[in-house]
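Please look over the sequence and the three-dimensional structure shown below before reading on. The paragraphs that follow lead through a few of its features.

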Amino acid sequence: MAVLTLQQAVRANATLADLAERAWASARLLRRVAVHLPPLLREQVQPGPLDDREWWLLAANPSVAAKVRQLAPVLLAAAHAAGWPALQAVRVRVQGAPERR
């Protein structure tokens with residue numbers, strides 16, 4: 001029985017491969033638009049889920065989340081310019097915060 005590396009296992013499973021590609025795409029997109037974030041905030045924001053319509057960013061704390069929400073229209077325009085024209089919203093949540101109902 002051959003032992004697969006994690007990367008080989010992810011590529012061998014279509015669902016995992018799609019999930020991994022979306023995670024990598026989200027990270028690449030954040031690198032492209034991070035220039036629009038204040039320098040001290042850049043390391044406080046992590047890429048989150050990305051699909052065809054929404055992109056989630058994970059903020060380190062509520063203050064960072066509030067500022068990133070203010071910048072969401074700028075980030076959305078930058079995402080459009082970076083090749084994601086169908087993206088309709090940039091959403092922000094505090095990393096590790098429970099989801100509100």
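Which side chain meets that of E54 in a salt bridge? The partner is R91, with a distance of 2.9 Å from N to O. The term salt bridge denotes a side-chain nitrogen of Lys or Arg within 4 Å of a carboxyl oxygen of Asp or Glu. This pair links distant parts of the chain, for E54 belongs to strand β2 (residues 54-59) and R91 to strand β3 (residues 89-94), 37 residues apart. Helices (H or I, at least four residues) and strands (E, at least two) are DSSP runs, numbered from the N terminus.

The model is a predicted one, in which local features need pLDDT of at least 70 and side-chain atom pairs count only at pLDDT 80 or more, while totals for chains, interfaces and linings use all residues. Residues are numbered from 1 along each chain as its sequence is written, and side-chain values use heavy atoms, with hydrogens and water left out.

A search of the whole structure yields 2 salt bridges. Besides the pair already described, the side chains of E21 and R28 meet in a salt bridge, again with 2.9 Å from N to O. How accessible are these residues? A residue is called buried under 20% relative accessible area, exposed over 50%, and partly exposed in between (1.4 Å probe, protein chains only). E21 is partly exposed at 37%, and R28 is partly exposed at 39%. E54, with 25%, is partly exposed, as is R91, with 36%.

Helix α2 (residues 14-33) contains S26. Is S26 buried or exposed? S26 has a relative accessible area of 1% and is therefore buried. Leaving aside residues up to four places away in sequence, S26 touches P47, G48, L50 and W55; contact here means heavy atoms within 4.5 Å.

Helix α4 (residues 62-70) offers a further case, with V64, A65 and V68 buried. Seen down the axis of α4, its buried residues fall within an arc of 100°, so they line one face of the helix. The arc is taken from the directions from the helix axis to the C-beta atoms. On the other side of α4, P62, S63 and Q70 are exposed. The elements covering the buried residues of α4 include α3 (39-42), β1 (45-50), β2, α5 (72-81) and β3. At the start of α4, a side-chain oxygen of N61 comes to within 3.0 Å of the backbone nitrogen of S63.

Note on methods:
A polar contact is a pair of N or O atoms within 3.5 Å; within protein, one must be able to donate a hydrogen and the other to accept it, and residues adjacent in sequence count only if both atoms are side-chain atoms.
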